[in-house]
Amino acid sequence: MSDTAEPGDKPKKKKKGKGLMITAIGALVLMAAGGGGTFALVRAGMLGSSAHAEKKQEKDLPKLIKKGEEDPYAPKTEAKEGEGEGGEEVEGEGGSLYKTSYYAFTEDFTSNLKNSSSLVQINIACSTRRDGRVLMWLKKHELAIRSEILVVLADTPEEDAFTPEGKDHLQKRLTAAINKVMSDTEGFGGVDQVYFKSFLVQ
């Protein structure tokens, strides 16, 4: 026998390459099936998050309440002395489309001003056009909100306490501070504006 091939002999095919090809295709088919199954589980909300789950969470956030619309989360109010049957709230027809509700902090806030020996004492209220959950959360987290407000006041330069622009800037910073606490604790802020009920610098 000789090692050289005869001209009429066919070359032998290697079966090794064909086996590798079949294994690779099989692996790809399994990966595709696994990926499709995972995708189906995610879409069904059984695995990970999906667009459907995100929409569901959105529904739980406080909603804007239009004037004349009933707020399902409105805080219960007790009738004050002298108020009879006609004590219902009446909304004006002009201005904002949305009902505005207010929350007044019961105690004053007193703090040193930044790099100053002066003290500032303020009493504030805030407003929201969202449903009553925002008012409930303000009351529930008042302690944490008070702490954050005192931090903002301590970081306020003395000159800001004497100019309308400075007070306006302080109102915006206080609104952001309150919304930060609310977002950290409840996942949503909802406070539109802070108002000064009193403002005293000594």
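Okay, let's start with helix H3: its buried residues pack against S1, S3, H4 and H5. This is a predicted model, by the way, so keep that in mind throughout. H3 covers residues 133-140, and the buried ones are Arg-133, Val-134, Leu-135, Trp-137 and Leu-138. Yes, there's an arginine in that list.

Now for those partners, strands to begin with. S1 is residues 101-104, and it has two faces: Ser-101 and Tyr-103 sit on the covered one, while Tyr-102 and Ala-104 are on the uncovered one. S1 pairs with S3, which is residues 119-128, and the pairing is antiparallel, with 4 bridges. If you want a spot to look at, find Tyr-102, which stands opposite Ser-127 in S3.

On to the helix pair. How are two packed helices described? By the angle between their axes and the distance between the axes. For H4, residues 142-154, and H5, residues 164-186, the angle is about 145° and the axes are 9 Å apart. The crossing is right-handed.

And who's actually touching whom? From H4 you've got Ala-144, Ile-145, Glu-148, Ile-149, Val-152 and Leu-153. On the H5 side, they meet Leu-170, Arg-173, Leu-174, Ala-177, Ile-178, Lys-180, Val-181 and Met-182. Sort the residues of that contact by type and you get 11 nonpolar, 3 charged and no polar.

Let me zoom in on two residues of H5, starting with Leu-174. Is Leu-174 buried or exposed? Its relative accessibility is 0%, so Leu-174 counts as buried. Leave out the neighbours within four places in sequence, and Leu-174 is in contact with Ile-122, Ile-149, Val-152, Val-194 and Phe-196. Take Ile-149 out of that set: it's 25 residues from Leu-174 along the chain, and their C-alpha atoms are separated by 6.3 Å.

The second one is Asn-179, also placed in H5. Why do we call Asn-179 buried? Because its relative accessibility is 17%, and the cut-off for buried is under 20%. What does Asn-179 touch, not counting residues up to four places away in sequence? Gly-189, Gly-190 and Val-191. With Val-191 there's a polar pair to look at: a polar atom of the Asn-179 side chain lies 2.9 Å from the backbone nitrogen of Val-191.

So, back to where we came in: H3 puts its buried residues against S1, S3, H4 and H5, and H4 and H5 pack on each other at about 145°. That's my bit, over to you.

How values were computed. Residues numbered from 1 in each chain as written. Predicted model: local features only at pLDDT ≥ 70, side-chain atom pairs only at ≥ 80, totals over all residues. Heavy atoms only, no water. Axes fitted to C-alpha atoms, helices over the stretch in contact; angles between N-to-C directions. Left-handed = near helix turned anticlockwise from the far one by under 90°. Contact = heavy atoms within 4.5 Å. Nonpolar A, V, L, I, M, F, W, Y, C, P; charged D, E, K, R; others polar. Buried < 20%, exposed > 50% of the residue type's maximum accessible area, 1.4 Å probe, protein only. Pairing = 2+ DSSP bridges. Polar contact = N/O pair within 3.5 Å; in protein donor to acceptor, adjacent residues only side chain to side chain.
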